[in-house]
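Grab a coffee and work through these exercises with the model open beside you. Try each task before reading its solution.

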Amino acid sequence: MTTAFSHATPIRSLYQKPNPPKPLICFQDDFRTSGNGVSLTASVNYVSIRVGARRLQPVKLSWVKRRGTVRCATIEQIEAEKAAIEKDVKERMEKTIENVRSNFNSIRTGRASPAMLDKIEVDYYGTPVSLKSIAQISTPDSSSILVQPYDKSSLKAIEKAIVGSDLGMTPNNDGEVIRMSVPQLTSDRRKELSKIVSKQAEEGKVALRNIRRDALKAYEKLEKEKKLSEDNVKDLSGDLQKVTDEYMKKIDTVFKQKEKELLTV
């Protein structure tokens, strides 16, 4: 089960009364008015006002004569930004796993599989389309593949695409369908393909690390905007690392499965 992101430390409202409106959180590291001894200091969780030596109780800052800009955001807006980052991370990581699986499936293992033709693109009336979108692909037995196009006029284009691919199979076009026999892999070829699969797995892991890096930058941006505290960012970063580690393990799992298929004679 995928690790869920924990909620950051809640940001406390400064305006307390029965049924209050949506809290408005205002942030500025050091704000001072000129000539009247009034100062405003703030952190992510607290805002306080001083008049000379007196510290007043926290109040809602509806208007302040100010020098500079006070940034404001509701708690709902902050939570929405966090949720958007978390959603983007998981969607991109899932897509990365799907791409790795797709790449693995396109590498033949000596046993016939329709997935071996997933990467084949055909020039269909001047437009490149995937083979599986214009033909039915099946495996009559463990050593042969049958391609039956929905439009027989595309047979030559399909044959050309297969010959030009790196599958290493010779298509037999009888005018109705295309048949291919899947040759057995040599020991050397199996080792070569194993290296290719290992490289693809590492590329998938690099993609996951890049997704993690992008999310960290997004959290740091919220911290700079005073929407998250340093502790919030540390907690979220820890959760993010756990999610990344889980997807890394998924890549390791599919890699080991594919490697086993390749090296099993």
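**Exercise 1. Two residues in loops**

Task: Where is the place of Lys-226, and what is its phi near?

Solution.
- Step 1: find the place. Lys-226 sits in the loop between H4 and H5. (Helices are DSSP runs of H or I with at least four residues, strands are runs of E with at least two, and both are numbered from the N terminus.)
- Step 2: look at the backbone. The phi of Lys-226 is near 65°, a positive value in a residue other than glycine. Most residues other than glycine have a negative phi.
- Step 3: check the cover. Lys-226 is partly exposed, with a relative accessible area of 23%. (Buried means under 20% relative accessible area, exposed over 50%, and partly exposed in between, with a 1.4 Å probe and protein chains only.)
- Step 4: try Tyr-125 too. Tyr-125 has a phi near 55°, again a positive value in a residue other than glycine, and its loop runs between strand E7 (121-124) and strand E8 (127-130). Tyr-125 is exposed, at a relative accessible area of 64%.

A word on the ground rules: the model is predicted, so local features need pLDDT of at least 70 and side-chain atom pairs count only at pLDDT 80 or more, while totals for chains, interfaces and linings use all residues. Residues are numbered from 1 along each chain as its sequence is written, and side-chain values use heavy atoms, leaving out hydrogens and water.

**Exercise 2. The overall count**

Task: How many helices and strands does the protein have, and what share of its residues count as buried?

Solution.
- Step 1: count the elements. There are 5 helices and 12 strands.
- Step 2: take the buried share. Of the 265 residues, 36% count as buried.
- Step 3: look at contacts, meaning heavy atoms within 4.5 Å. Among those between residues at least 6 apart in sequence, 64% join residues at least 24 apart.
- Step 4: turn to the surface. The protein exposes about 16100 Å², with carbon and sulfur atoms supplying 50% of it. (Accessible areas come from the Shrake-Rupley method with a 1.4 Å probe.)

**Exercise 3. How three helices pack**

Task: Which way do H1, H4 and H5 run relative to one another: roughly parallel or roughly antiparallel?

Solution.
- Step 1: start with H1 (residues 75-105) and H5, which pack at an angle of about 10° with their axes 10 Å apart. That makes H1 roughly parallel to H5. (Axes are lines fitted to C-alpha atoms, for helices over the stretch in contact, and angles run from 0 to 180 degrees between N-to-C directions. Under 35 degrees counts as roughly parallel, over 145 as roughly antiparallel, 65 to 115 as roughly perpendicular and the rest as oblique.)
- Step 2: sort the residues of this contact. They divide into 12 nonpolar, 2 polar and 7 charged. (Ala, Val, Leu, Ile, Met, Phe, Trp, Tyr, Cys and Pro count as nonpolar, Asp, Glu, Lys and Arg as charged, and the others, Gly among them, as polar.)
- Step 3: move to H1 and H4 (residues 187-224). Their axes come within 10 Å and cross at roughly 175°, so H1 is roughly antiparallel to H4. The contact residues here divide into 14 nonpolar, 4 polar and 6 charged.
- Step 4: finish with H4 and H5. Their axes come within 10 Å and cross at roughly 170°, so the two are roughly antiparallel to each other. This contact has 16 nonpolar, 6 polar and 10 charged residues.

**Exercise 4. A threonine in H5**

Task: Is Thr-244 buried or exposed, and what does Thr-244 touch?

Solution.
- Step 1: place the residue. Thr-244 is found in helix H5 (residues 230-263).
- Step 2: read the cover. Thr-244 is buried, with a relative accessible area of 2%.
- Step 3: list the partners. Not counting residues up to four places away in sequence, Thr-244 touches Met-93, Leu-208 and Arg-212.
- Step 4: follow the side chain. It reaches the backbone oxygen of Leu-240 at 2.9 Å.

**Exercise 5. Thr-186 and Leu-263**

Task: How many residues apart in sequence are Thr-186 and Leu-263, and how far apart in space?

Solution.
- Step 1: place Thr-186 in the loop between strand E12 (178-181) and H4.
- Step 2: compare the distances. Thr-186 and Leu-263 are 77 residues apart in sequence and 10.0 Å apart in space, C-alpha to C-alpha.
- Step 3: read the cover. At 48% relative accessibility, Thr-186 counts as partly exposed.

Note on methods
Polar contact = N/O pair within 3.5 Å; in protein donor to acceptor, adjacent residues only side chain to side chain.
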